[in-house]
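User: I'm new to this structure and would like a close look at a single part of it. Could you walk me through one residue and its surroundings, step by step?

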Amino acid sequence: MSKNSNRNSNLTPQAKEALNNFKMETARELGLNLNNGYNGDLTSRQAGSIGGSMVKKLVEQAANTMGATGVTNTTMMPNGQNPMQNSINQQTMAHNAQSLQNAQKMNQNMANTNMPYSK
């Protein structure tokens, strides 16, 4: 990447305007007053809360879009469980079970070869 390239550049002017409007709307929802241009009077916490809220909204929008296209939605089911979290938990449990089986096989192999090992 060259010295003069800007990784934060927008592809279109409309995208820059839309992001700026989104930022202003999010700041208003949080009760913060943003100026066009310099906003050095905001604390890091305030500025971070704007960006964090923007990211949260974008993630929610993407999750809803994926749900509309057949991908599991992250909304709660009637029993209060999150299907995305359930999927992650199932994958973690399967991985842990496989790791346990591998460790047991390794211990059995070491026991069969009479090789010393530490527990």
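Analyst: Let's begin with Thr-26, which touches Ile-50, Ser-53, Met-54 and Lys-57 once residues up to four places away in sequence are set aside. Keep in mind as you look that this is a predicted model. Thr-26 sits in helix 1. Its relative accessible area is 1%, and a residue counts as buried under 20%, so Thr-26 is buried.

Thr-26 has company: the buried residues of helix 1 are Phe-22, Met-24, Thr-26 and Ala-27. As for the helix itself, its 17 residues should span 24 Å at 1.5 Å a residue, and the 25 Å between its end C-alpha atoms agrees with that. After helix 1 comes Gly-31, which has a positive phi, near 80°.

Now follow the contacts of Thr-26 outward. Two of its partners, Ile-50 and Met-54, also belong to the largest nonpolar core. That core has eight residues, the others being Phe-22, Met-24, Ala-27, Leu-32, Leu-34 and Leu-42. Helix 1 and helix 2 each supply at least two of the core's residues, and the largest share, three residues, comes from helix 1. For a view from within this core, try Leu-34: leaving aside neighbours within four places in sequence, Leu-34 is in contact with Lys-23, Met-24, Ala-27, Asn-39, Leu-42 and Ile-50. Ile-50 is thus a partner of Leu-34 and of Thr-26 as well.

Another partner of Thr-26 is Lys-57, and here the picture turns to charge. Side chains of opposite charge can pair when their charged atoms come close. The side chain of Lys-57 forms a salt bridge with that of Glu-29, at 2.4 Å from N to O. Lys-57 lies in helix 2 (residues 44-68) and Glu-29 in helix 1 (residues 13-29), so this pair ties together parts that are 28 residues apart in sequence. A search of the whole structure finds one salt bridge. Unlike the buried Thr-26, Lys-57 is partly exposed, with a relative accessibility of 24%.

Finally, a word on confidence. Across the protein chain the mean pLDDT is 76, with 63% of residues reaching 70 or more. Among the elements of the chain, helix 1, the home of Thr-26, has the highest mean pLDDT, 89, while helix 3 (residues 83-113) has the lowest, 70. Where pLDDT is low, the predicted coordinates should not be read in detail.

Terms used
Residues numbered from 1 in each chain as written. Heavy atoms only, no water. Salt bridge = Lys/Arg side-chain N within 4 Å of Asp/Glu carboxyl O. Helix = DSSP H or I, 4+ residues; strand = E, 2+ residues; numbered from the N terminus. Buried < 20%, exposed > 50% of the residue type's maximum accessible area, 1.4 Å probe, protein only. Core = buried A, V, L, I, M, F, W, Y, C linked by side-chain atoms within 4.5 Å. Contact = heavy atoms within 4.5 Å. pLDDT = per-residue confidence, 0-100. Expected span 1.5 Å × (residues − 1).
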